[in-house]
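Let's take a friendly look at the inside of this protein. We will go through its internal space and then turn to the ligand.

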Amino acid sequence: MPATGKPCTAADLEPVFCKELIRQELDNDTAQFEIPREIRDFYRMFRPSPLVRAYFLEKALGTPAKIYYKFEGNNTSGSHKLNSAVAQAYYAKAQGLKGVTTETGAGQWGTALSMACAFFGLDCKVFMVKCSYEQKPFRREVMRTYGAEVTPSPSMTTEIGKLINAEHPGTTGSLGCAISEAVETAVKNPGYRYVLGSVLNQVLLHQSIIGLEAHAAFEKLGERPDVIIGCAGGGSNLGGLIAPFMGEKLRGERDYRIVAVEPSSCPSFTRGKYAYDYCDTGRICPLAKMYTIGADYIPSPSHAGGLRFHGMSSTLSELYDQKLMEAVSVKQTDVFAAAVQFARVEGILPAPESSHAIRAAIDEALKCKAEGREETILFGLTGTGYFDLTAYQAFNDGRMEDREPTDEDIRLSLEKLPKVKE
Ligand SMILES: *Cc1c(COP(=O)(O)O)cnc(C)c1O
């Protein structure tokens, strides 16, 4: 805990999080959790999600590699976030809560949570990072259509929001700051808890449905991936996609290469430090040991997509630290070039976040071509990009910029890591 430096307990977390979700978060022993029937019934609306062989992309690249993608964009929220949203809303309702609060960056999580809350009859308060709120008015409208209340962050409705606005006038906001506002609102309103769409162990657990389905589909096909690639913001889709494969790897049954892809404008794995850090700018959440570029880090406003969290899932951080996983960072203009190439041959208009994985999958397939090597590549196509057309427009107009932090930016941000004895 930030105040005491002691490991947090279920009791510490109860004012903030739902009980069952805390149990899942702190459970280090249960290998598999039964998915409640209500959640499975909801999943039937859009799952199993398709595992697609990208024949047209393979042909366009002239690669001997086989490319598969697991497509999570076939639902109104347009991303994998709905997998965890419905689980979290279900457990909140089961606990008898009135509503939940959350933050949203690019907007997919807020949309997914609004859908899940509408289904289970829960109130939903969303703090949306200000620059996304302004760039994506239609996301906000989808959330409101599903009954959510959406506030741009930093707002003047919370103490922490007022403080951040005073310290950084005109700030476009960050996920860390929206998290602080959502937590404060949950704690101050009886019958409300805070829910988070990524980073936490419980979210990776809910997202493991992606990997379980992909694994079963590969078994049916009699194939298996050699390389598994996913974009990494907080790490939930990648953690979910690799779950059963990583299990086999850890048990020594099979080997896979696993690659996390992150934006060069928010490079927590590739340029960050493995250390305890705050999860939110307001420093009220528990600390986590993770790869981080510092809780105060705010990516350049020219950065279009999500994947803007300063840290990374602690589960994935440990796997990366133990060299069980690799990471690469990619520039956003290269990401959009891959998105356009993919859209033109495979039909799907990908989300910018997902396109990080597309970029890395294309690069891997081209490497196979150069080396005359056959290989099976699986990547996570986490969502669609219909709400990201401002970014596509900037790319199509040739106005998109690549802004990376300097070493000095990162050094300054990491200087503010909390001092923790391990
Ligand atoms: C949120 C999001 C991501 C990144 O989050 P992770 O927790 O790292 O999976 C990636 N793609 C899409 C479409 C998203 O909405």
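## The lining of the largest cavity

In this predicted model, 32 residues line the largest cavity, and those nearest its centre are Lys-81, Leu-175, Ser-198, Gly-234 and Leu-307. Sorted by class, the lining is made up of 18 polar, 10 nonpolar and 4 charged residues.

If you like to think in secondary structure, several elements are worth highlighting in your viewer. One strand, β3 (99-104), gives at least two residues to the lining of the largest cavity, and so does each of the helices α6 (108-120), α10 (175-188), α12 (236-250) and α16 (352-370).

## Size and setting

How many cavities of 30 Å³ or more does the structure hold? There are 3 of them, and the largest has a volume of about 440 Å³.

Where does the largest cavity lie with respect to the domains? Its lining takes residues from both domain 1 (44-78 + 200-405) and domain 2 (79-194), so the largest cavity lies between the two.

## Around the ligand

Now for the ligand. It has 18 residues around it, and the ones that come nearest are Lys-81, Ser-198, Gly-233, Ser-236 and Thr-382.

Three side chains make polar contacts that you may want to inspect. In Thr-382, a polar side-chain atom sits 2.6 Å from a nitrogen atom of the ligand. Oxygen atoms of the ligand feature in the other two: one is 2.7 Å from a polar side-chain atom of Asn-237, and one is 3.1 Å from a side-chain N or O atom of His-80. On its own the ligand has 380 Å² of accessible area, and the protein covers 95% of this.

How values were computed
Residues numbered from 1 in each chain as written. Predicted model: local features only at pLDDT ≥ 70, side-chain atom pairs only at ≥ 80, totals over all residues. Heavy atoms only, no water. 1 Å grid on protein atoms, 1.4 Å probe; cavity = no way out; pocket = protein on both sides within 12 Å on 5 of 7 lines; lining within 4 Å. Points joined across faces, edges and corners; volume = space filled by probe spheres on them. Helix = DSSP H or I, 4+ residues; strand = E, 2+ residues; numbered from the N terminus. Nonpolar A, V, L, I, M, F, W, Y, C, P; charged D, E, K, R; others polar. Domains from an automatic or database assignment. Near = heavy atom within 4 Å. Polar contact = N/O pair within 3.5 Å; in protein donor to acceptor, adjacent residues only side chain to side chain. Areas by Shrake-Rupley, 256 points an atom, 1.4 Å probe, with all protein chains shown as cover.
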